[in-house]
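Ready to practise reading a protein structure? Take a look at the picture and the sequence, then work through the exercises at your own pace.

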2 protein chains.
Amino acid sequence: MPRPRSLQPDRLAAAAVAIIDRDGLAGLTMRAAAQELGLSTMALYRYVADRDELELLVCEWVLRDLDATVPDGPIWTENLKILSQRVRASLAAHQRVVPLLIANRQRCHAVLRWTESALAVLTAAGFDDADRVVALRGLVAYLNGALLQESLGALAGPGTLVMAALPAADFPLLRDTARRAGTVSADDEFDGGLSIVLRGLAAMVS
Amino acid sequence: MPRPRSLQPDRLAAAAVAIIDRDGLAGLTMRAAAQELGLSTMALYRYVADRDELELLVCEWVLRDLDATVPDGPIWTENLKILSQRVRASLAAHQRVVPLLIANRQRCHAVLRWTESALAVLTAAGFDDADRVVALRGLVAYLNGALLQESLGALAGPGTLVMAALPAADFPLLRDTARRAGTVSADDEFDGGLSIVLRGLAAMVS
DNA sequence: ACCTGAACACCGTTCAAGT
DNA sequence: ACCTGAACACCGTTCAAGT
């Protein structure tokens, strides 16, 4: 009579995410995850082959509720905006997972489904061949970069404060811009950058 | 009579970069760096306080020849393009350093000087206040994302091949786009994405 | 069938000692 | 003043053993 598994893969992923949210990416170790679940370290290897697989589990779990259906509004740039904001919303509560998502972007099923939908919007807008490749990769590059920047520290975080304290003689504009940065909300920054990319894409097909 | 230091900080950085180029980021350890230089591990701590400082040294070394002067061509988007391409050119031979650069973006002197110049171009183009913050961060988000994508694997790399082998029933567009991706050069991809962002920026001031 | 604990080959870093 | 080696508290993972 087989003893039932004491764990759902879901619970393992949730525990790992809880650790990341609490202690950061560096806090996620096989030992810490096992302890969070009240298991021995080696018990985890019954559920994942190695640490890499645990990280993939984390990615899928964080995006488990991501709506990857194609928005069908009349303006295609708005549809891309909706898709982009859905990703950001899913990650809002688990920002520090972002580096794992970038590393697993080609293996994570949720990401692949999202990408298929983004391509559907681009295709309907008239992109094809090399243009579609460049458009998708350009959008994804912005998303990855913007989400990563947010995950590494808020616009008003300590790094920006250091720049705000730079000598005015050497870095007048950077110093001034860093000071101004504190007044821009994270939402406005993301949406503003996204609008730049979307306007650039629109210029590509017109 | 003080014994002369057996090492220039430059040589330490160069050795660390050589390891990264050869064995990847994971290959860079304090022990490996010391061995590369024929020193004991602990000798390194006479030159850097910790591993973090070694990584900062790597960032400065890789960008040591980065020209951060402000291009003074008549078209400001072209000037931003030149600045962006200079960064990519500096990193071309050391792509795997990119994650370290992103992590140290607010401490690396070479990055700060570059950013000051990018801001000079944006300011001359008429950006100010919150618009300038959003414009800079949008451009930097694209650059970071694009350079990181390149550093994690070529457009024609194994990850793309996996996507090209996806089931046509579930991922028709992604599969097709991944197949097409192999025909787009890394240069064209980067420049194409950059053009999207620059056109979007131009639309912001007109 | 599922879980555990010891052990191995690694990390970064502290500390006391050598020349 | 500069460098070394042992040691400590960590990693991920292998393997043999327990129930």
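The exercises below start with a whole chain and then turn to single residues; please keep in mind that the model is predicted.

**Exercise 1. The overall make-up of chain A**

Task: Find out how many helices and strands chain A has, and describe its extent and its surface.

Solution:
- Step 1. Begin with the secondary structure: there are 10 helices and 0 strands in chain A. Reading along the sequence gives the pattern α-α-α-α-α-α-α-α-α-α.
- Step 2. Next comes the extent. The C-alpha trace of chain A spans about 65 × 50 × 25 Å along its principal axes.
- Step 3. Now look at the surface. Chain A has an accessible surface of about 9600 Å², and carbon and sulfur atoms account for 53% of that.
- Step 4. Turn to the inside: 50% of the 206 residues of chain A count as buried.
- Step 5. Check the contacts along the sequence. Of those in chain A between residues at least 6 apart in sequence, 69% join residues at least 24 apart.
- Step 6. Finish with the charges. Chain A carries 21 positive and 24 negative charges, and their mean positions are 7 Å apart.

**Exercise 2. One face of a helix**

Task: Work out which residues of helix H9 in chain A are buried, and what covers them.

Solution:
- Step 1. Locate the helix: H9 of chain A covers residues 172–181.
- Step 2. Pick out the buried residues, which include A:Leu174, A:Thr177, A:Ala178 and A:Ala181.
- Step 3. Look down the helix axis. The buried residues of H9(A) fall within an arc of 100 degrees, so they line one face of the helix.
- Step 4. Ask what lies over them. The cover includes helix H8 (158–164) of chain A, and also helix H6 (109–124) and helix H7 (129–152) of chain B.

**Exercise 3. A phenylalanine in a loop**

Task: Decide whether A:Phe171 is buried or exposed, and list what it is in contact with.

Solution:
- Step 1. Find the residue: A:Phe171 sits in the loop between H8 and H9 of chain A.
- Step 2. Compare its accessibility with the cut-off. Buried means under 20% relative accessible area, and A:Phe171 has 3%, so A:Phe171 counts as buried.
- Step 3. Set aside neighbours within four places in sequence. A:Phe171 is then in contact with A:Leu166 and, from chain B, with B:His109, B:Leu112, B:Arg113 and B:Glu116.
- Step 4. Add a distance: A:Phe171 and A:Asp52 are 119 residues apart in sequence, and their C-alpha atoms are 42 Å apart in space.

**Exercise 4. Two serines**

Task: Describe the surroundings of A:Ser84 and of B:Ser151.

Solution:
- Step 1. Start with A:Ser84, which is part of helix H4 (residues 76–91) of chain A. Its relative accessibility is 1%, so A:Ser84 counts as buried.
- Step 2. List its contacts. Not counting residues up to four places away in sequence, A:Ser84 touches A:Trp114, A:Leu139, A:Leu143, A:Phe190 and A:Leu194.
- Step 3. Take one of these partners: A:Leu143 is 59 residues from A:Ser84 in sequence, with 7.4 Å between the C-alpha atoms.
- Step 4. Move on to B:Ser151, in helix H7 of chain B. With 14% relative accessibility, B:Ser151 counts as buried.
- Step 5. Follow its side chain, which reaches the backbone oxygen of B:Leu148 at 3.0 Å.
- Step 6. Leaving aside neighbours within four places in sequence, the contacts of B:Ser151 are B:Gln95, B:Arg96, B:Val98 and B:Pro99.

**Exercise 5. An isoleucine with partners in two chains**

Task: Establish which residues B:Ile102 is in contact with, leaving aside neighbours within four places in sequence.

Solution:
- Step 1. Place the residue: B:Ile102 belongs to helix H5 (residues 98–103) of chain B.
- Step 2. Judge its exposure. B:Ile102 has 6% relative accessibility and so counts as buried.
- Step 3. Read off the contacts: A:Leu148 and A:Leu152 from chain A, along with B:Asn144 and B:Leu148 from chain B.
- Step 4. Compare chain and space: B:Ile102 and B:Gly145 are 43 residues apart along the chain, and 9.6 Å separates their C-alpha atoms.

**Exercise 6. A positive phi**

Task: What is the phi of A:Asp129?

Solution:
- Step 1. A:Asp129 is found in helix H7 (residues 129–152) of chain A.
- Step 2. Its phi is positive, about 50 degrees, although A:Asp129 is not a glycine.
- Step 3. At 38% relative accessibility, A:Asp129 counts as partly exposed.

Note on methods: Residues are numbered from 1 along each chain as its sequence is written. Chains are lettered from A and ligands numbered from 1 in the order in which they are written. This is a predicted model: local features need pLDDT of at least 70, side-chain atom pairs count only at pLDDT 80 or more; totals for chains, interfaces and linings use all residues. Side-chain values use heavy atoms; hydrogens and water are left out. Helices (H or I, at least four residues) and strands (E, at least two) are DSSP runs, numbered from the N terminus. Buried means under 20% relative accessible area, exposed over 50%, partly exposed in between (1.4 Å probe, protein chains only). Contact means heavy atoms within 4.5 Å. Accessible areas come from the Shrake-Rupley method with a 1.4 Å probe; for residues, only the protein chains shown count as cover. Lys and Arg count as positive and Asp and Glu as negative; His and the chain ends are not counted. The place of a charge is taken as NZ of Lys, CZ of Arg, CG of Asp or CD of Glu. The arc is that of the directions from the helix axis to the C-beta atoms. A polar contact is a pair of N or O atoms within 3.5 Å; within protein, one must be able to donate a hydrogen and the other to accept it, and residues adjacent in sequence count only if both atoms are side-chain atoms.
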